[in-house]
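Reader: I should like to understand on what grounds the terms used for this structure are applied. Please set each value against its definition.

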Amino acid sequence: MANDENHLVYLVDGSGYIFRAYHALPPLTRSDGTPIGAVAGFCNMLYKLIDGLLQADMATHFAVVFDAKGKTFRSDIYPAYKANRPDAPEDLVPQFPMFRQAVKAFGVPSIELEGFEADDIIATYAEHAREAGHKVIIVSSDKDLMQLVDDNITMLDPMKNRPIGIAEVHEKFFVHPEKVVDIQSLAGDSVDNVPGVPGIGIKTAAQLIDAYGDLDTLLDRAEEIKQPKRRQNLIEFAEQARISRDLVRLKRDVPLEDSLNDFLIGPPDAEKLVSFLEECEFKTLTAKVRARFGVEGSTAAPTPAPAEDAALDEASYELVTTREALDRWIDDIHRTGHVAIDTETTSLDAVAAELVGISMSTRPGNGCYIPLRHKGSAPAGELDLGAKADEVPDQLPVDQVMDALKPVLRDPGILKIGQNIKYDRTILERAGGGVTVTPIDDTMLLSFVLDAGSHNHGMDELSQRYLDHTPIPFKEVAGTGKSQVTFDYVPLDKALGYAAEDADITLRLWMKLKPRLALEKMTTVYETIERPLVPVISEMEQAGIRVDADILRELSNDFAERAVKLEAEVHELAGEKFNLGSPKQLGEILFDKMGLDGGKKTKTGAYATGADILEDLAVQGHDLPRRLLDWRQLTKLKSTYTDALQKEIDAKTGRVHTAYHMAGASTGRLASSDPNLQNIPIRTEEGRKIRRAFVAEKGHKLISADYSQIELRILAHIADIEALKQAFEDGADIHALTASEVFDVPMADMDGDTRRKAKAINFGIIYGISAFGLARQLAIPQGQAKAFIDAYFERYPGVKAYMDQAKAQAKEHGFVETLYGRRIHLAGIKDKNPARRSFSERAAINAPIQGSAADVIKRAMIRIPDALKDAGLKTRMLLQVHDELIFEAPDDEVDATVDLVKTVMEGAASLSVPLTVEAGVGESWADAH
C-alpha cells in the first residue's frame with residue numbers, strides 16, 4: 001500500500017458508471033431471462049480500475065458513490081429540477097439492486113445518502129480529503145464535478161481513461177474551475193432542467209464572467225451590457241440565474257455517516273467475488289478473477305437449481321435458535337444479495353399483529369425459521385392467555401434478532417423478496433423500531449402484473465401452478481374452528497416446516513416470475529407503478545383515520561328506527577306480516593298474492609327477488625318494492641358500516657386502519673377490507689352521514705382531492721374525440737354538451753332530464769352498456785334507448801371505433817392494455833357461452849379506461865409522499881377511494897397541501913385533455929367531499 005503520508009483517495013461516480021456501462025454493451029440476459037448487460041459492463045469497469053490500483057499500489061482509499069432514490073434538497077429550491085428526465089430504460093431498472101451487490105462483492109464501500117445526489121457526497125468527501133492534505137481522483141466525466149478540480153483534486157474519464165485537470169476544465173468552460181459554477185448558472189442545463197439565462201451559452205457566459213469577475217458583479221452591473229437583448233435577459237432573469245447557481249453548486253458539507261478511514265482499499269474476498277460473478281454468469285470475468293487471486297474450482301455456493309428441480313423437503317430446513325446460526329444466515333444473505341422473507345404473527349391485521357417468528361430462504365431447497373415469541377401449548381379448545389414465552393426454550397430475544405437483521409433489511413444492495421410483502425414490511429418495520437425495509441420484490445405483485453385476470457395470485461395457487469406443490473395448510477399446524485390457535489401456540493417442530501416452506505416457495509416463485517417481466521415487456525408497470533406503491537400503501541394503513549364512535553352509534557340507532565318504520569309500512573302494504581329478509585316469502589307476496597308482473601322462479605322454485613327485479617317493479621310505480629329497497633339499504637348500511645365500524649376502531653389509536661389489496665381487481669384498482677371503505681354510497685344522504693363519522697384529529701383538517709370525470713377524460717384521449725377533448729379543455733359541462741350533440745338541443749335550452757339521459761349514456765358507454773341496460777336505467781323503451789346509443793355513436797364515431805378495436809385486440813391477444821402498458825387478461829373473450837363472451841367484451845371496453853384511471857392515481861400516490869416531505873409538510877395521506885385521495889393536514893398547512901396535491905395529481909399523466917382535481921376541506925370526510 002502507498003505511503004500513509006501520501007494518501008490518494010479514489011471516489012467513483014457509481015451512477016455515471018451505471019449509465020456508461022448500460023450504453024457501452026449490447027443487451028444481455030442471464031439464463032433465467034434477467035437483464036444483466038449493464039451489470040456486466042459495470043463489473044468489468046470496476047474490476048479493471050480496482051485491479052490496476054492494487055497492482056500499481058497507488059490508491060489508499062476507495063469508495064463508490066451512488067445517487068439516492070427520491071428527490072433532493074434542490075427540488076425545494078426549484079421544483080422543476082430534473083423534472084424532464086425520462087424514466088430509466090425498462091431493462092435497466094431491474095439491474096439497479098445488482099450494482100450495489102456488485103460493489104459489496106468487490107469489497108469496497110457503497111455510499112449513498114437520502115436527500116443528496118452522488119455529486120454532493122463526492123464533493124464533501126473530496127473537501128474532507130483536501131483539508132487533510134490528501135490527493136483525490138474522482139472517477140467520472142460529469143461536468144458538474146469539474147467545479148471541484150484544483151491542484152489536489154483531479155478527475156478521470158472512465159471511458160477515455162483520460163485525466164481531467166485544470167487545463168481540461170478550462171478547455172471545456174473557458175474559465176478556471178472555481179468559476180465553473182458561474183458559467184453553468186448563466187448557461188443553464190436542459191438535461192437537468194436548470195433554467196439559466198435565455199440566450200446565453202457557455203462561450204458567452206465565459207466572456208461575461210471574464211469581463212466582470214463573478215456572477216453577482218455581472219448581475220449588479222447588467223445595465224452596462226451593450227447588446228440590448230443580452231442586457232434585457234440578464235436584468236429580467238437575474239433571479240433565475242441565482243436560483244440556477246444554487247442548483248449547480250455542489251454541497252461540500254453533507255452530513256456523512258462514514259468517514260474516509262472506512263475507505264481503506266485492499267484485495268477483495270476472492271471467494272465472495274467469484275460467487276457473485278458466477279451467479280451473474282459472467283464467465284470471462286470469473287475466469288480472470290480466479291486467475292488473478294488464485295481461486296481454484298468453484299468455492300462459492302453452486303448456482304441455484306431451477307425451482308422445479310430442487311426438492312421441497314422439510315428436513316432441509318433449519319430452526320435458528322443461536323446467534324451463531326443467525327450470523328451464518330446473515331453472511332449467506334450478504335453473499336447471495338437477496339433473501340426471501342416471511343413473518344409469522346398473531347393476526348392478519350398488520351397494524352395490530354404481534355411478530356411471532358421470521359422465516360428466510362436464500363436459494364431453492366434451503367430455509368430457516370427464527371422463533372421469537374412462541375408460548376407453551378394452549379389447552380384444547382381455548383388459548384392459554386397466561387402462558388409465558390419462556391415455557392418454550394431456546395428462542396433468541398426479539399430485540400437481538402431485529403438489531404442483527406436491521407442492516408440486512410435496509411441494505412440497498414440486498415433484495416428482500418416476499419409474497420404480499422406489504423404485510424411483512426409493516427410487521428418488520430414495527431418490530432424493528434421503524435427500520436425501512438428496502439429494496440423489495442413481491443411475488444404476488446409480479447404475478448398480478450403478468451397475469452391479471454387469468455387467475456388468483458395467492459401463494460397456494462401460485463405454488464400449485466408453477467411448482468406443482470401444495471403448501472402445508474395453516475389448519476394443519478394451527479387447527480380449525482374453536483380449536484384453532486394463533487401461531488405463537490404452534491409447536492416449534494410444526495412451525496419450522498410451515499414457515500420455512502413459505503420462504504422457500506416464495507423464492508422459487510420469484511425465480512420463475514421475475515425474468516418474465518423483461519421477456520414480456522412488463523417491467524415498467526411493475527417497477528414504476530406496483531413496486532414503489534408498496535411502502536406508500538403500508539404507511540397509509542398504519543396512519544389510519546380517526547372515526548367518531550358516538551356519531552356511528554347515533555346513526556345505528558337512527559337507521560334501526562327507520563328500518564322498523566319501513567318494515568311496518570311494507571307489512572301494511574302487503575296486508576300481512578312476513579320476514580322481509582326471506583326471498584321466498586317476499587316472492588310469494590309480490591307475485592302470488594299481489595300478482596305483480598315479472599315474476600321468474602329460480603332453480604329452487606322460489607321467485608327471484610334481487611335488486612334489479614325490485615328496481616323494475618319500483619319504476620313501474622309499485623310502492624312496496626321501493627320501500628323494501630329502502631329497508632334493505634338501511635339494514636345493510638347499519639350492519640356493514642355503522643355497527644361494524646365501531647368494532648374496527650383501534651383501541652390504542654382511536655382510528656380505523658383499513659387493509660388495501662393490491663392484487664384484487666384485474667384492472668389494477670385497489671380494494672379495501674376490514675373495513676371496506678370503497679363501497680360507502682357516494683351519492684345518497686345516508687352515505688354522506690356515514691362519512692361524517694370520519695373526522696380529523698384536533699388541530700387538523702381532512703382534505704378530499706378527487707379526479708373530476710377521469711374516465712371520460714381518458715376515453716376522450718384514447719378514442720381521440722375532438723369535441724369531447726375541446727369541451728374538457730374549455731371546462732364545459734360535458735354531460736350538457738353530450739345532450740346537445742346527441743339530442744340536438746341547444747345548450748341554452750338544456751333541461752335537467754335531458755342532461756341526466758346524456759350523463760347515463762356517457763358513463764354507460766364506458767362500461768359497454770347495451771340498449772337493454774340503458775332502457776332499464778332510464779326507464780324508457782328499449783327501442784328509444786337504442787336510438788340514443790346509435791345517435792351517440794354517429795356523433796362520436798371515435799368511441800365506436802375504440803370499442804371495436806378493444807374487442808378485436810382482446811380476441812386476438814386474450815388481453816387489453818392500459819395507457820401505461822398494464823395488461824388485463826379476459827379469459828372469457830372467446831367463450832362459446834354468449835353471456836360470458838358478452839361480459840368479457842364489455843370488460844374489454846371498460847378495462848383499459850378504468851385500468852388507466854387506476855394507474856394514474858397510483859402514479860400520483862407514489863409521488864405525493866416525497867412531494868410533501870420535500871415541501872416540509874407534515875400532512876399524511878390516509879385513504880384512497882376510487883378516484884379520491886383523503887389527507888389529514890395540520891390547520892396551518894391546509895392551503896399549501898391543497899395546492900401541492902392538486903399539482904401532483906394533475907401532473908400524474910400526460911393526456912391530450914387536462915386532468916382536473918377538485919379539492920375540499922373540512923372537519924370530517926363529509927364536509928371535505
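Reader: Why is the pair E530 and K858 called a salt bridge?
Author: A salt bridge is a side-chain nitrogen of Lys or Arg within 4 Å of a carboxyl oxygen of Asp or Glu. The closest N and O atoms of E530 and K858 are 2.7 Å apart, so the pair qualifies. Because E530 lies in helix α21 (residues 523-543) and K858 in helix α35 (residues 834-870), the pair ties together parts that are 328 residues apart in sequence. Helices here are DSSP runs of H or I with at least four residues, strands are runs of E with at least two, and both are numbered from the N terminus. E530 and K858 are both buried, which means under 20% relative accessible area, whereas exposed means over 50% and partly exposed in between (1.4 Å probe, protein chains only).

Reader: On what kind of model do these values rest, and how are residues numbered?
Author: The model is predicted: local features need pLDDT of at least 70 and side-chain atom pairs count only at pLDDT 80 or more, while totals for chains, interfaces and linings use all residues. Residues are numbered from 1 along each chain as its sequence is written, and side-chain values use heavy atoms, with hydrogens and water left out.

Reader: What makes R100 buried and E112 partly exposed?
Author: R100 has a relative accessible area of 11%, so it counts as buried. E112 has 24%, and therefore counts as partly exposed. The side chains of these residues, R100 and E112, meet in a salt bridge at 3.0 Å, N to O. R100 lies in helix α4 (residues 96-105) and E112 in the loop between β3 (110-111) and α5 (118-131), so the pair ties together parts that are twelve residues apart in sequence.

Reader: How do you know that R823 and E817 form a salt bridge, and which class of accessibility has each?
Author: Their closest N and O atoms are 3.3 Å apart, so the pair meets the criterion. R823 is buried at 19% relative accessible area, whereas E817 is partly exposed at 32%.

Reader: How many salt bridges does the whole structure hold, and which residues are linked in a network?
Author: The search finds 64 salt bridges. R546, R655, E697, R876 and E888 are linked in a network of them.

Reader: Why are β3 and β6 called edge strands?
Author: The open sheet of six strands has the order β3-β2-β1-β4-β5-β6, with mixed pairing. β3 and β6 (162-164) each pair on one side only. Two strands pair if DSSP finds at least two bridges between them. β2 (residues 61-65) and β3 have two bridges, in the parallel sense, so they count as paired. Within these strands, V65 stands opposite I111 in β3.

Reader: What makes the link between H469 and E501 a polar contact?
Author: A polar contact is a pair of N or O atoms within 3.5 Å; within protein, one must be able to donate a hydrogen and the other to accept it, and residues adjacent in sequence count only if both atoms are side-chain atoms. The side chains of H469 and E501 are joined at 2.8 Å, so the distance criterion is met. H469 lies in the loop between α18 (459-467) and α19 (474-478), and is buried at 18% relative accessible area.
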